[in-house]
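Open your viewer, pick a cartoon style you like, and keep the selection box handy. We will go from stop to stop, choosing something to select each time and looking at what is there.

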Amino acid sequence: MVKLIRFIALVSQSIFIQFVHMFGLAAFIISAAMGYFRLPSWTVPIAAVIFGVVADKFIDESAVSALLEKAASANQRGGFLIVVYFVITAVGYISGAYGRHYIKNRQ
């Protein structure tokens with residue numbers, strides 16, 4: 001139970017770092033658009049892998065890594081970033097789909 005809580009805390013800290021770095025925010029907005037425009041839900045894991053690999057290989061996080069050192073060291077592992085971006089894209093997709101549903105019912 002304690003390990004699960006620590007893992008959730010580490011993932012949330014890493015999501016915070018990705019949003020501060022603005023690449024996580026871009027991934028969230030793109031996945032929200034995917035949900036809003038009714039793309040199939042199987043595109044979420046594909047987008048998560050793409051965003052995770054791009055963030056691992058091409059994005060330099062040294063400017064914001066001093067915020068949370070444990071999460072920054074976990075972000076150095078590519079597999080962990082794929083998990084983080086899966087959470088970001090899944091929440092973005094769901095919020096985009098909910099936004100579409102909310103706007104449709106409001107009119």
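In which helix is the place of Phe 80? Select Phe 80 and you will find it in helix α5, residues 78-106. Bear in mind as you look around that this is a predicted model.

**Stop 1: Phe 80**

Show the side chain of Phe 80. Its relative accessibility is 10%, and since buried means under 20%, Phe 80 counts as buried. Now add Asp 56 to the selection: Phe 80 and Asp 56 are 24 residues apart along the chain, and their C-alpha atoms are separated by 9.6 Å.

**Stop 2: the whole chain**

Zoom out and colour by secondary structure. The protein chain has five helices and zero strands, so to speak a plain α-α-α-α-α when read along the sequence. Of its 107 residues, 33% count as buried. If you draw contacts between residues at least 6 apart in sequence, 86% of them join residues at least 24 apart.

**Stop 3: Tyr 85**

Stay on helix α5 and select Tyr 85, which lies in that helix. Is Tyr 85 buried or exposed? With a relative accessible area of 0%, Tyr 85 is buried. Next, display its surroundings. Beyond the neighbours within four places in sequence, Tyr 85 is in contact with Gln 18, Phe 23, Gly 24, Ala 27, Ala 48, Phe 51, Gly 52 and Ala 55. For a distance to label, try Phe 28: from C-alpha to C-alpha, Tyr 85 and Phe 28 are 8.7 Å apart in space, while 57 residues separate them in sequence.

**Stop 4: helix α2**

Select residues 23-36, which form helix α2. At 1.5 Å a residue, its 14 residues should span 20 Å, and the end C-alpha atoms are indeed 20 Å apart, so expectation and model agree. Colour the buried residues of α2 next: Phe 23, Gly 24, Ala 27, Ser 31, Ala 32, Met 34 and Gly 35.

**Stop 5: α2 against α3**

Add helix α3, residues 43-58. How do the two helices run relative to each other? Their axes come within 11 Å and cross at roughly 160°. Angles over 145 degrees count as roughly antiparallel, and α2 and α3 are therefore roughly antiparallel to each other. The crossing is right-handed. On the α2 side, the contact is made by Phe 23, Ala 27, Ile 30 and Met 34; on the α3 side, by Thr 43, Val 44, Ala 47, Phe 51, Val 54 and Ala 55. Sorted by class, this contact has nine nonpolar residues, one polar and no charged ones.

**Stop 6: the loops on either side of α2**

Switch on backbone torsions and go to Met 22, in the loop between α1 (2-20) and α2. Met 22 is not a glycine, yet its phi is positive, about 80°. Then jump to Arg 38, in the loop between α2 and α3. Arg 38 is also a residue other than glycine with a positive phi, here near 60°. Its relative accessible area is 52%, and exposed means over 50%, so Arg 38 is exposed.

**Stop 7: Glu 69**

Finish at helix α4, residues 69-74, where Glu 69 lies. Glu 69 is exposed, with a relative accessible area of 63%. Label one last distance, to Ser 14: the two residues are 55 apart along the chain, and their C-alpha atoms are separated by 9.9 Å.

Terms used. Residues numbered from 1 in each chain as written. Predicted model: local features only at pLDDT ≥ 70, side-chain atom pairs only at ≥ 80, totals over all residues. Heavy atoms only, no water. Helix = DSSP H or I, 4+ residues; strand = E, 2+ residues; numbered from the N terminus. Expected span 1.5 Å × (residues − 1). Buried < 20%, exposed > 50% of the residue type's maximum accessible area, 1.4 Å probe, protein only. Axes fitted to C-alpha atoms, helices over the stretch in contact; angles between N-to-C directions. Parallel < 35°, antiparallel > 145°, perpendicular 65-115°, else oblique. Left-handed = near helix turned anticlockwise from the far one by under 90°. Contact = heavy atoms within 4.5 Å. Nonpolar A, V, L, I, M, F, W, Y, C, P; charged D, E, K, R; others polar.
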